[in-house]
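I set out to look up which charged side chains pair, how the aromatic rings are arranged, and what surrounds one loop residue.

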Amino acid sequence: MTYTLGFFLMCMGCASTNSPRYLKNGKVVTGDYSQYQKSYSLKIPDNWSGYFDTHSQFCYKPKKAIEENLYVKVHIMDENTLKVDDNITDLEKFTNDLVDNIKERDTNLGFTVVYNEHSIYKKYSLVNSREYILGDNYTILEVSFYYNSKPFRITYFAQTDQFPNYLDDFTTMLETFRIIE
């Protein structure tokens with residue numbers, strides 16, 4: 001019953017967006033990604049491509065995952081695409097808000113939170129979680145920055161069995177991430 005209700009709500013959320021950009025089966029984007037990277041820059045490995053997922057969110061996806069219909073993606077959100085409460089004014093509050101959202105989901109299979117230092121953007125957080133959604137296990141790694149009062153979140157989301165296959169690519173991408181000021 002819970003899964004049926006969850007699936008119904010998920011479908012209603014997707015169908016009720018009234019977004020003219022909604023693409024039922026996704027769309028591969030080739031060439032220059034700069035129009036989608038307004039607030040950041042990122043170098044994409046040759047074996048990856050820009051991609052609009054089923055919710056019309058621009059993300060990056062391995063070309064092999066597109067061909068084989070695997071669920072693997074990297075998604076970057078900034079202050080324009082994140083819903084951040086006005087009370088969130090620093091990295092710890094930004095990360096705690098994410099953790100609270102993870103705890104609220106009945107699909108949550110556990111998580112860990114680690115803070116590290118970045119040479120340019122100072123402190124950042126890594127939240128690693130697992131979820132069970134519609135019969136599949138997913139591993140999610142979310143890297144959060146709160147730089148100059150602006151939130152950024154880079155999410156690597158993959159089926160658990162595919163997660164290690166693209167982790168090195170994600171790490172390489174993360175090392176090239178730059179906030180445009």
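**Entry 1: ground rules.** I am working from a predicted model, in which local features need pLDDT of at least 70 and side-chain atom pairs count only at pLDDT 80 or more, while totals for chains, interfaces and linings use all residues. Residues are numbered from 1 along each chain as its sequence is written, and side-chain values use heavy atoms, with hydrogens and water left out.

**Entry 2: the charged pairs.** I began with Glu92, which counts as partly exposed because its relative accessibility is 29%; the scale I use calls a residue buried under 20% relative accessible area, exposed over 50% and partly exposed in between, with a 1.4 Å probe and protein chains only. I then asked which side chain meets that of Glu92 in a salt bridge. The partner is Lys123, at 2.7 Å from N to O, where a salt bridge means a side-chain nitrogen of Lys or Arg within 4 Å of a carboxyl oxygen of Asp or Glu. This pair links distant parts of the chain, with Glu92 in helix H3 (residues 91-104) and Lys123 in strand E7 (residues 122-133), 31 residues apart. Helices (H or I, at least four residues) and strands (E, at least two) are DSSP runs, numbered from the N terminus. Lys123, at 34% relative accessibility, is likewise noted as partly exposed, and I also found its charged end over the ring of Tyr115, 4.7 Å from the ring centre. For such a placement, NZ of Lys or CZ of Arg must be within 6 Å of the ring centre and within 35 degrees of the ring normal.

I count three salt bridges in the structure. Another of them joins Asp53 and Lys73 through their side chains, again with 2.7 Å from N to O; Asp53 is in the loop between strand E3 (48-52) and strand E4 (58-62), whereas Lys73 is in strand E5 (residues 72-77), 20 residues away along the chain. I recorded both Asp53 and Lys73 as buried.

In the bridge of Glu131 with Arg105, the closest N and O atoms are 2.0 Å apart. Glu131 belongs to strand E7 and Arg105 to the loop between H3 and strand E6 (108-118), 26 residues apart. I asked whether Glu131 is buried or exposed. Glu131 is buried because its relative accessible area is 3%, whereas Arg105, at 32%, counts as partly exposed.

**Entry 3: a loop residue.** Gln57 lies in the loop between E3 and E4 and, at 33% relative accessibility, is partly exposed. Setting aside neighbours within four places in sequence, I find Gln57 in contact (heavy atoms within 4.5 Å) with Tyr51, Phe52, Lys73 and His75. Tyr51 also has Lys61 over its face, at 5.2 Å from the ring centre.

**Entry 4: the rings.** I count 20 aromatic pairs, taking rings of Phe, Tyr and Trp (its six-membered ring) as paired if their centres lie within 6.5 Å, with planes under 30 degrees apart counted as stacked, over 60 as edge-to-face and the rest as tilted. Phe145 and Phe177 are a stacked pair, 5.5 Å centre to centre with 20° between the planes. Phe145 is in strand E8 (residues 136-147) and Phe177 in the loop between helix H4 (163-176) and strand E10 (178-179), 32 residues apart. Phe145 is buried at 2% relative accessible area, and Phe177 is buried at 0%. Ring pairs place both in a cluster with Tyr40, Tyr121, Tyr124, Tyr147 and Phe152.
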